Amino acid sequence: KGDRADIDREVQSVCPFCGVGCQVSLKVKADKVVYVDGVDGPANEGRLCVKGRFGFDYIHHPHRLTRPLIRRDDAPAKGLNVDPGNFSEVFREANWDEAMERAAGGLARLRDEAGGRAVAGFGSAKCTNEEAYLFQKLIRQGFGHNNVDHCTRLCHASSVAALMENVGSGAVTATFNEIEHADVAIMIGCNPIENHPVAATYFKQFAKRGGKLIVMDPRGVGLRRFASHMLQFRPGADVSLLNAIMHVIVEEGLYDSQYIHRFTENWEAEKEHLKTFTPEAVSGICGIEPQEIREVARIFAGAKAGMIFWGMGVSQHIHGTDNSRCLISLALMTGNVGKPGAGLHPLRGQNNVQGASDAGLIPMFLPDYQSVTDDGVRSAFNEIWGAGGYDDAQKGLTVTEIMDAVHAGDIRGMYILGENPAMSDPDVEHAREALARLEHLVVQDIFLTETANYADVILPASAFYEKSGTVTNTNRQVQMGRPAVTPPGEAREDWAITVELAQRLGLDWDYASPADVFAEMKQGMKSLNNISWERLNSEGAVTYPSLSPEDPGQAIVFGDGFPRAEGRAKFTPASVIPPDEAPDANYPMILTTGRQLEHWHTGSMTRRSKVLDTVEPEANCSLHPATLQRLGVEPGGYVRLTTRRGSVTVMARADRAVAEDMVFLPFAYVEAAANVLTNPALDPYGKIPEFKFAAVRVEKAESL
Ligand code: SF4
């Protein structure tokens with residue numbers, strides 16, 4: 001950390017990593033960020049975690065793309081074979097005009113030859129709201145369909161499906177900071193100390209001042225040290241356990257009759273459904289003692305105010321939507337929505353996954369979750385957008401469905417902005433083969449990612465600290481990101497690249513700045529009422545909904561009813577669906593995947609950050625010490641993990657928090673890519689893959 005006198009300027013922006021949305025002050029010298037401090041944003045009050053404080057230097061890494069690249073005519077066959085520091089045998093540098101002509105020309109040729117559906121797009125939850133909005137508009141208006149998606153499909157799509165179905169809104173009902181007013185909080189399938197570290201500081205404070213923290217997870221996540229109850233249930237048994245908790249609440253008459261009567265529907269069906277889920281019947285399935293299930297039920301139902309937080313341990317299952325339905329039902333039956341200290345809060349992953357979804361970067365909804373199947377909605381957007389070819393009443397294909405359509409030959413070209421499906425998709429070899437099959441792939445990114453390995457044209461983009469734009473965090477707080485340094489070489493801001501591409505595709509787009517885009521978004525998004533670019537610039541953050549130009553926004557929503565018919569939320573009973581793959585003699589253990597504190601998602605940023613990569617330089621997995629002993633592997637030795645889809649060799653760590661029949665593998669490391677192993681089976685509602693459960697064989701390996 002430098003001396004204040006040593007810097008040229010300070011710029012206030014937002015951390016580009018997780019959905020907490022910490023505000024940062026970037027200290028700049030000679031057009032380089034030299035250090036970062038936390039500032040008093042609504043979500044972080046000056047706090048930062050290791051990624052926010054030290055993980056900024058990837059933006060100055062020598063691997064940054066500085067000029068557009070075009071695949072050479074004599075390049076080897078497409079594959080994961082490009083060195084990001086030495087790519088001249090595969091790609092040649094080009095000027096922007098040639099690269100844009102090649103990028104747009106290839107997409108337009110496919111559109112003209114085979115129709116718009118021959119081209120699909122993946123946008124990014126790492127870009128701004130304005131960029132997400134432009135991206136979905138380009139695919140819809142430029143190609144006439146809804147085959148556009150982004151990584152929300154891989155994280156909270158099932159949570160959003162359940163929330164939309166039962167609450168009428170896909171966002172949180174209360175900010176995480178509301179835990180300050182709660183008596184009890186359930187944390188299920190989440191690991192905030194590693195994945196939402198600054199939010200975790202509020203959760204720890206809550207427990208330290210006497211709040212009851214009930215942690216439920218198949219892994220003994222870090223917050224267990226602060227928990228009044230730690231329910232380490234068997235993987236995949238979430239619905240059974242949650243139904244048993246609700247069974248007790250019904251059986252003992254602990255539910256909130258007044259609330260249920262006033263604000264909900266389908267209660268009788270829920271009650272009936274829960275009858276068979278006695279703690280005694282469920283205990284053997286989930287591995288939790290009946291008495292503990294009863295105790296947790298009584299504590300949650302007996303509290304004045306309770307919150308429920310969940311993460312991808314809930315959502316990334318083929319029963320992910322059912323998991324969320326249970327959590328919604330639990331909150332509704334205890335009246336824990338719409339009042340201080342109460343609410344439903346799926347902890348969003350990426351810094352702007354909430355905002356990108358709000359902006360319509362999803363195949364079933366236009367901005368503000370307005371259905372693509374609604375004729376009135378489509379014509380309203382056509383009116384805002386002006387002339388264009390968009391009138392598709394069919395829900396589009398999702399991330400993994402698009403890859404299947406590439407294999408089927410239906411999709412032949414793609415535009416991918418800031419996503420890395422060659423690392424992030426389940427059964428990733430399937431995705432890599434799809435990328436290799438594409439006749440024309442345009443990738444826009446800041447690094448030559450694994451996905452860019454397969455590109456025909458690569459457009460060099462801006463890192464978050466190099467551009468203007470808004471992002472929306474897990475709390476529904478819309479915040480202003482500001483440029484601190486200039487993009488390297490000829491790299492450009494993403495919104496400007498997308499606009500030029502659209503113009504070259506024949507669209508009549510005319511935006512001078514992200515502020516122009518935001519102004520257009522407001523025309524079709526009521527959620528942005530009373531939130532202006534000027535306000536965001538001066539206040540830094542406004543929570544939606546904001547009820548007046550002076551209102552900082554509503555931390556808690558739905559106190560007087562829900563955005564559903566008659567203002568009522570709905571109970572949707574959830575039955576037990578077992579995981580798609582059961583362990584057997586060949587694959588006797590359970591693989592679960594996730595993140596770790598120092599590395600972010602596919603590692604393209606954090607593995608290029610000096611501090612973060614120094615702390616956590618090598619691919620690793622976690623196994624219980626007893627499992628390591630059984631395998632004859634010392635901590636720090638190597639294991640081979642094999643599933644029905646592939647095999648990786650990785651260094652093993654001892655971790656008592658992992659059950660003896662499980663292995664935890666982070667997905668940030670290309671050299672031991674977790675998604676070579678994962679199961680692509682999908683939740684039928686949210687279309688989210690089952691990243692959290694695959695049958696696996698673990699064997700001792702001598703070395704890499
Ligand atoms: Fe950034 Fe999230 Fe850490 Fe905050 S908690 S500093 S937003 S990574």
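Before I show you the first feature, a word on what I mean by a patch: patches are made of residues with over 30% relative accessible area and no salt bridge, and nonpolar side chains are joined into one within 5 Å. Please keep in mind throughout that this is a predicted model.

With that in hand, let me turn to the surface, where Phe-54, Val-611 and Val-615 together make a nonpolar patch of about 230 Å². Phe-54 has its place in helix α1, and because its relative accessibility is 39%, it counts as partly exposed.

Helix α1 also brings us to the ligand, since α1, spanning 50-54, and α6, spanning 197-208, are the elements that give two or more residues to the shell around the ligand. The residues surrounding the ligand include Cys-15, Cys-18, Cys-22 and Cys-49, along with Phe-17, Leu-48, Lys-51, Pro-197 and Val-198. If we divide that shell by residue character, we find eight nonpolar residues, two polar ones and one charged one.

Let me finish with Thr-592, which is found in strand β23, residues 589-594. Is this threonine, Thr-592, buried or exposed? Thr-592 has a relative accessible area of 7%, and therefore it is buried, the cut-off for that word being under 20%. As for what lies around it, and leaving aside neighbours within four places in sequence, Thr-592 is in contact with Met-662, Val-663, Phe-664 and Leu-665, and also with Phe-691 and Lys-692. One further distance concerns Leu-677, which is 85 residues away from Thr-592 in sequence, while the two are 9.9 Å apart in space, C-alpha to C-alpha.

Key: Residues numbered from 1 in each chain as written. Predicted model: local features only at pLDDT ≥ 70, side-chain atom pairs only at ≥ 80, totals over all residues. Heavy atoms only, no water. Near = heavy atom within 4 Å. Helix = DSSP H or I, 4+ residues; strand = E, 2+ residues; numbered from the N terminus. Nonpolar A, V, L, I, M, F, W, Y, C, P; charged D, E, K, R; others polar. Patch = residues over 30% accessible without salt bridge, like charges linked within 9 Å, V, L, I, M, F, W, Y side chains within 5 Å. Areas by Shrake-Rupley, 256 points an atom, 1.4 Å probe, with all protein chains shown as cover. Salt bridge = Lys/Arg side-chain N within 4 Å of Asp/Glu carboxyl O. Buried < 20%, exposed > 50% of the residue type's maximum accessible area, 1.4 Å probe, protein only. Contact = heavy atoms within 4.5 Å.
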